Amino acid sequence: MLRTTLTSASISLFAALCAGAAASSAQTANYAGVVTTLETGLNVVQGVAVDASGNVYIAADYQSSIEELVAVNGSIPANPKIVKLGSGLSDARGVAVDKSGNVFVADLGDHTVKEIVAVNGTIPLDPTIRTLGSGFSAPHGIAMDGSGNVYVIDSSQSTVTEILAVNNTIPTSPTMVAIGSGFKGAYGVAVDASANVYIADTGNSAVKEVEVNTTLASLGSSFSHPQSVAVDVSGNVFVADTNNRAVKEIAANDSSQVLTIGSGFSSPKGVAVDKFGNIYVADSGTETIQEISLKPGIFGSVALGATATATLTFNFSSPGSIMAPGVFTQGATGLDFTDAGTGTCTILGTSHTYNAGDSCTVVVTFKPTYSGTRYGAVTLSNNSGTVIATANITGIGDGPQVTWRPGTKTTVGNINAHKALYPTSVALDGNGNVYFVDSDTTLYEILADHGQISNNPAMRTLDSFGSVTSLAIDGSGNLYVAAIGIIAKIVAVNGSIPANPNVVFLTNGPNDAAVAVDGAGNIYFMSGGAVQEIVAVNGTIPPVPAIPTPVTLATGFSGMGLAVDGNGNVYVADPPDHQVKEIVAVNGEIPPNPTILSLGGFKAPFDVKVDGVGNAYVADESADAVYEMVAVNGSVLADANILTLADSSSGIITPWGVAVDWSGNVYVADFAIFHPPSIGQLYKLDFADAPRFNFLPTTPGQTSSDSPQTATIVNDGNENLIFSLPLQGTNPSISNQFALDSGSTCPELTTSSAVPAALAPGTSCTELVSFVPVRTGSIPGSLTFMDNAIPSTQTVILNGNVEPTLPAPVITPAPGTYNSALTLTMTDTAPIYYTTDGTGPTVNSTVYIAPITVSKTETVKAIAIEPGFKSSPVTTYTYHLVPAIPVFNPVPGTYGPSPFTVTLTDTTPGVTFYYTTDGTLPTTASTLYTGSITVTSTQFLRAIATETGYSNSAVGAAKYTYTSPTPVISPNGQDFKGTITVTITDASPLAKIYYTYAGNNPEVTSIPYTGPITVSRSEIIKAIASVPDEAKSAIAAQIYTLTK
């Protein structure tokens, strides 16, 4: 992999840019957060605390107990349950709670510090109440550290006292230690995780910090009678600045940066902060408990197409004028988040001058166009165009969202023409602009036109970095770049990256790599195998040197890609482990020692991105594939369904980067360097647009050969996709001459259907579409779904074409077997093209003009072709030419005993014969017939006829049986006296002779002749000869008469 480390030159550049950023980007305003009233009607409310579960505790004058507002799932609901804790309090001013649920109270009325003891984490109805320590005069503020030590501030004595715990419990006679000095009427105290103590030094109108090494320092300035302090997990300090009627935030890494948060307070006296960064204020002027949320998510869930509004307040810490507020959806204006135009920041205009301490409002309208979490931001810029305040905003679009499979793969821009050959990372903003990195170094932007990338888009170079691993974009359109050794932010102006943009470097660790950003503006990155988070302050990462210290979320990764979903889960693409890993959030935050899920069995996942509903997309470099892990309720589970979106079969070679837009299209940076001579490319996998089906031409009444074609409709939203009941016909409806096959899985509703049908989130169904025309011509059509998505009509465009089809040529005579050459004729209404070698005829084949002669075995194929018509079916006739069976002359039979000749003839002229005389089957290797065959014995003749271009004839056969010679009886018949000797002979030496002497005809069962016969009486001797394989001879006969 082409990876390098940050060079010394880059580090120098980092330092210079950071110094410039620190000098030029001091904020003059800040987002105040959203203020929610949790409780009203209190009686001189003084103190507030919050526990790890989100329960809120309230201390008030003249109430004998502490009130608890009970949280549900970590938050205080509307009309919360209220529980009274303890009794007998006199004048509770401060309240704190430890991790065991024990509640601690600074009771000014009876000069004591008290503990309301919990049992199993809960305060019982009649709890034990302990008095801790002694010697207090006017205990006002109280705080706890992680070891159970209690910190008490005594406003009368102007002291801070630490009551030391033993094993997390305050003993009966505890050790008490004074902390710091020089306070004047101090009211509030807080302590952070490092045991640094923060004091609201009320009489001195100051906030002070006593560090662990006892160093005393003042934080911030311009406070007036601050009465309470709190500190969050990142070290930011929150101050109830009572006489300024404000709540202030002192930045953790820059104590000179003091922001006013919230608004509308009358007399804030108590402040607390929970683990999520929500601030709770006890306002004695309005007798309320208020919550300030600096997190995004103010809109919650809004149905697609519906609208919601929210008012965002910005506080000014220095005077000046502003430009018109910017309201963005990932850098785009006019999308989901827009300026309603009714806020004072907008109405007062650009000529109004704000003084320090002033506020103005921006009213934002949220109208979601897509399902899932939507990210945006509101920015205020000074008249020079520099952003001075940012409020990140999120909302959730509730509804179905339709995507389609299979998608269409297209290239994004002509990047190779710009000498960009090997893209490695990709991201896109709300305007549709595509950002990518080539060869790990050069950052490019492909400019969209009205949200779309054209065929030949403008493209520009933004900057060069070393070994870029990933890109991310926030709600304002700022672009984040992760390279080996740096995490940088390229600052957007009015939602877009300008020419010569300002680059702010956020980290420069030697092992920093991979970056993601959430809806709150928090930055996530990899560093030395750890996933770390830089927590945004009021929606913005402050400039150097105030960048918050990164928080380690989890370790043990070798990640290349990083993503975070709307639920706060963080995903890491970990190639060496062949997995994508998920760091599981709880209530939107990554807890200590989080659960880590291993997802999928990938080969080398290089990048991961998440869409609005939580589906995760993975670029697997070694598998040459891009995958989707389907989310359930906004998060990917360990057994998630994994879909292959594209692989090598669709032209993906080496995917390194992946991104997804809000409509469900996926973008792939295909590196391809490991597959020369291939070069890399940016691809768009278009899943948002319905497919178009163009069917192959066919004939009326016939289904096209490419039917059915498959359309898969997917619900990528977070609510059911509801298919509507049709007022007429069916839903889905399909045009005439197109049909849905029975294998389709989408519901088909009719006017008689009882209820609509639903497709659950993350599921799909398929329609199998066939083209079955009944007429000729070009036939357009559509497959249309009616549902509750936006838009409510989903249409698949269908196109078919039916040309008039020519009839198949007629060939005469019919195919078959013939004994001689024949003449073929062809007829049709259009020109005929034919072949005789078995290949398919085309317009380039021989044109039929006149009858053709077939003089050998061959296959004739003919087609009719004429412009404006569909070519005819092919007529295929095979003609077998075979000679007639050879004819034997004379006909087979019994002949002899004299030799005779046999001749061969055939009705097929010009043939050649081959024959055998032993009964075996003849071949062309047998005896060649050149003339008559002489037969001198019984023979079984077989013959075939052959001719060039013909098949061999069937075998002709003739058996000729040869007759044995007639025996000779000597002497001839005569009268004789006494005896006579008779002999019988035969011309064949193989003959066996059989005879009779009684005048009956001999057979081979008669008396065999073995030698001369002595005749002594009148006899008629008859004899036959028999030779093997020959017919028996004629009968020889002689009459011998005995005379006296």
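## Worked exercises on a predicted model

Set aside the neighbours within four places in sequence, and threonine 595 touches Glu582, Ile583 and Val584. Keep in mind as you go that this is a predicted model.

**Exercise 1. Work out where threonine 595 sits in the chain, and how far it lies from glycine 305 in space.**

Step 1: Start with the secondary structure. Threonine 595 falls in the loop that runs between strand 48 (579-583) and strand 49 (596-599).

Step 2: Bring in the contacts. With a cut-off of heavy atoms within 4.5 Å, the partners of threonine 595 beyond its sequence neighbours are Glu582, Ile583 and Val584.

Step 3: Now look further afield. Glycine 305 is 290 residues from threonine 595 in sequence, and their C-alpha atoms are 37 Å apart.

**Exercise 2. Decide whether serine 194 is buried, partly exposed or exposed, then locate it in the chain.**

Step 1: Recall the cut-offs, because the label depends on them: buried is under 20% relative accessible area, exposed is over 50%, and partly exposed is in between.

Step 2: Apply them. Serine 194 has 48% relative accessibility, so it counts as partly exposed.

Step 3: Find its place. Serine 194 is in the loop between strand 14 (188-191) and strand 15 (197-201).

Step 4: Check a pairwise distance. From serine 194 to aspartate 145 is 8.9 Å, C-alpha to C-alpha, with their positions 49 residues apart in sequence.

**Exercise 3. Find the disulfides of the structure and describe each one.**

Step 1: Search everything. The whole structure turns up two disulfides.

Step 2: Take the pair of cysteine 345 and cysteine 360. Their sulfurs are 1.9 Å apart, and the link is right-handed, with 90° about the S-S bond. It ties together distant parts of the chain: cysteine 345 belongs to helix 2 (residues 344-347) and cysteine 360 to strand 29 (residues 359-366), 15 residues apart. Cysteine 345 and cysteine 360 are both buried.

Step 3: Move on to cysteine 746 and cysteine 765, joined with an S to S distance of 2.0 Å. Here, too, there is 90° about the S-S bond and a right-handed link. Cysteine 746 is in the loop between strand 62 (738-740) and strand 63 (749-750), while cysteine 765 is in strand 65 (residues 764-771), so to speak a link between distant parts of the chain, 19 residues apart. Both cysteine 746 and cysteine 765 are buried.

Step 4: Write down the connectivity. Counting bonded cysteines along the chain, the pattern is 1-2, 3-4.

**Exercise 4. Work out which strands pair with strand 1 (residues 29-39), and in which sense.**

Step 1: Look at strand 26 (residues 308-316). Strand 1 and strand 26 run antiparallel and are joined by four bridges. One place to see this is asparagine 30, whose bridge partner in strand 26 is asparagine 315.

Step 2: Look at strand 24 (residues 288-293). Five bridges hold the pairing of strand 1 with strand 24, again in the antiparallel sense. Valine 34 faces serine 293 of strand 24 here.

**Exercise 5. Lay out the sheet that contains strands 68, 70 and 73, and name its edges.**

Step 1: Get the order. The open sheet has three strands, 68-70-73, with antiparallel pairing.

Step 2: Pick the edges. Strand 68 (810-812) and strand 73 (852-854) each pair on one side only.

Step 3: Add the twist. On average, neighbouring strands in this sheet are turned by 30° against each other, direction ignored.

Step 4: Zoom in on one pairing. Strand 70 (residues 822-827) and strand 73 run antiparallel and share three bridges, and leucine 822 stands opposite valine 854 of strand 73.

**Exercise 6. Compare the chain with a compact globule, then turn to the annotated domains.**

Step 1: Count the elements. The chain has two helices and 91 strands.

Step 2: Compare radii. The radius of gyration is 52 Å, well over the 31 Å from the globule rule for 1044 residues, so the chain is more spread out than a compact globule.

Step 3: Add the extents. The C-alpha trace spans about 190 × 70 × 70 Å along its principal axes.

Step 4: Check the interior and contacts. Buried residues account for 52% of the 1044 residues. Of the contacts between residues at least 6 apart in sequence, 55% join residues at least 24 apart.

Step 5: Consult the record. UniProt, in an unreviewed entry, places "domain: GH29D-like beta-sandwich" at residues 813-876, 891-955 and 971-1035. Residues 813-876 are 0% helix and 42% strand, with end C-alpha atoms 12 Å apart. Residues 971-1035 are 0% helix and 42% strand, with end C-alpha atoms 16 Å apart.

Key:
Residues are numbered from 1 along each chain as its sequence is written. This is a predicted model: local features need pLDDT of at least 70, side-chain atom pairs count only at pLDDT 80 or more; totals for chains, interfaces and linings use all residues. Side-chain values use heavy atoms; hydrogens and water are left out. A disulfide is a pair of cysteine sulfur atoms within 2.5 Å. Buried means under 20% relative accessible area, exposed over 50%, partly exposed in between (1.4 Å probe, protein chains only). Two strands pair if DSSP finds at least two bridges between them. Axes are lines fitted to C-alpha atoms, for helices over the stretch in contact, and angles run from 0 to 180 degrees between N-to-C directions. UniProt positions are given in the numbering used here, feature names are shortened, and annotations may be inferred rather than shown by experiment. The radius of gyration is taken over C-alpha atoms; the globule rule is 2.2 Å times the number of residues to the power 0.38.
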